[in-house]
Amino acid sequence: MKDEKVLQIVYALDFAACAHSTQRRKGGKREPYINHLTEVARLSAEATGGSDATLIIAALLHDVLEDQSMHVTYEILAEKFGTEVADIVQEVTDDRSLPKAERKRMQVVHAPHLSRRAKILKIADKSANLESILKTPPLDWSLTRKRDYFNWAAEVVAGCRGENPWIEGVFDERFKRASF
Ligand code: ZN
């Protein structure tokens with residue numbers, strides 16, 4: 001039986017793997033970037049009991065607009081995966097024209113105004129990043145830098161609370177494991 005949602009999830013996985021094929025995570029193990037995307041998709045899927053294919057697809061694609069060298073635009077995403085998915089990805093994408101510190105500040109400011117799905121995705125993304133810093137931190141990150149990242153992530157997540165207790169619990173558990 002043809003299931004359009006299953007097809008779309010697999011297309012998104014393939015699209016993300018191709019778009020990020022040359023990218024690696026910043027951590028000491030330099031994991032392939034796709035591992036980050038599959039973790040965020042897995043957390044988003046678990047948070048919603050596998051009931052929200054649109055969210056899983058957006059999770060797989062959530063970083064695809066971030067790096068302009070990949071030449072993926074909102075219009076391309078909308079054409080391939082629909083405007084619902086493209087809108088969620090757009091919501092969780094920083095404005096690259098701003099300096100880094102300002103982009104980070106804007107994430108805190110925007111968080112409370114995100115849609116329900118974008119909030120879940122944002123918490124899943126930050127949870128995945130905490131786990132990476134706990135397990136395979138970038139080699140050149142000081143304790144202060146790690147602590148600053150955790151505290152900033154917690155501020156963003158604070159604005160995303162109230163939609164999905166399970167994903168909030170994942171974030172909180174990881175946050176508490178920090179010894180820095
Ligand atoms: Zn991400």
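Helices, as the word is used here, are DSSP runs of at least four residues, numbered from the N terminus. In this predicted model, Glu66 lies in the loop that joins helix H3 (53-60) to helix H4 (74-81), and that loop also holds His62 and His71.

## The zinc site

The zinc ion is coordinated by two histidines, His36 and His62, each through NE2, and by two aspartates, Asp63 and Asp125, each through OD, at 2.1 to 2.5 Å. Along the chain these donors follow the spacing H-x25-H-D-x61-D. The angles among the four donor atoms run from 82 to 174°, and the site is irregular. The reason lies in the criteria for four donors: a tetrahedral site would need all angles between 85 and 135 degrees, so the range of 82 to 174° falls outside that class. For orientation, the ideal angle for four tetrahedral donors is 109.5 degrees.

Of the coordinating residues, both His62 and Asp63 are buried. For His62 the relative accessibility is 2%, which is why it counts as buried. Apart from neighbours within four places in sequence, His62 is in contact with His36, Leu37, Val40, Val89, Val92, Thr93, Leu121 and Asp125, a list that includes the zinc donors His36 and Asp125. His62 can also be placed relative to a residue much earlier in the sequence, since its C-alpha atom is separated by 10 Å from that of Ala12, 50 residues apart along the chain.

## The packing of H2 and H7

Helix H2 (residues 33-47) and helix H7 (residues 116-135) have axes that come within 9 Å and cross at roughly 130°. That angle makes H2 oblique to H7, and H2 passes H7 in a right-handed crossing. On the side of H2, the residues that meet H7 are His36, Glu39, Val40, Leu43, Ser44 and Ala47; on the side of H7, their counterparts are Ile120, Leu121, Ala124, Asp125, Ser127, Ala128, Asn129 and Glu131. The zinc donors His36 and Asp125 are thus found on the two sides of this helix pair.

## Individual residues in loops and helices

The table sets out the accessibility of five residues.

| Residue | Relative accessibility | Class |
|---|---|---|
| His62 | 2% | buried |
| Arg103 | 13% | buried |
| Glu66 | 15% | buried |
| Arg30 | 44% | partly exposed |
| His71 | 63% | exposed |

Two charged residues in the table share contact partners. Glu66, leaving aside its neighbours within four places in sequence, is in contact with Val92, Thr93, Asp94 and Arg96. Arg103 lies in helix H6 (residues 100-110) and touches Asp94, Asp95, Arg96 and Leu98, when residues up to four places away in sequence are not counted. Asp94 and Arg96 therefore appear in both lists, a match that rests on contact being defined as heavy atoms within 4.5 Å.

Backbone geometry draws attention to two further positions. Arg30, although it is not a glycine, has a positive phi of about 50°; its place is in the loop between helix H1 (4-19) and H2. His71 likewise has a positive phi, of about 60°, without being a glycine, and is found in the loop between H3 and H4. In accessibility, Arg30 is partly exposed at 44%, whereas His71 counts as exposed at 63%.

Technical notes: Residues are numbered from 1 along each chain as its sequence is written. This is a predicted model: local features need pLDDT of at least 70, side-chain atom pairs count only at pLDDT 80 or more; totals for chains, interfaces and linings use all residues. Side-chain values use heavy atoms; hydrogens and water are left out. Donors are N, O and S atoms within 2.8 Å of the metal (3.2 Å for Na, K and Ca); water is not among the atoms, so sites may look incomplete. Four donors count as tetrahedral if all angles lie between 85 and 135 degrees; four count as square planar and six as octahedral if opposite donors are over 155 degrees apart and all others between 65 and 115; anything else is irregular. Buried means under 20% relative accessible area, exposed over 50%, partly exposed in between (1.4 Å probe, protein chains only). Axes are lines fitted to C-alpha atoms, for helices over the stretch in contact, and angles run from 0 to 180 degrees between N-to-C directions. Angles under 35 degrees count as roughly parallel, over 145 as roughly antiparallel, 65 to 115 as roughly perpendicular and the rest as oblique. A crossing is left-handed if the near helix is turned anticlockwise from the far one by less than a right angle, and right-handed if clockwise.
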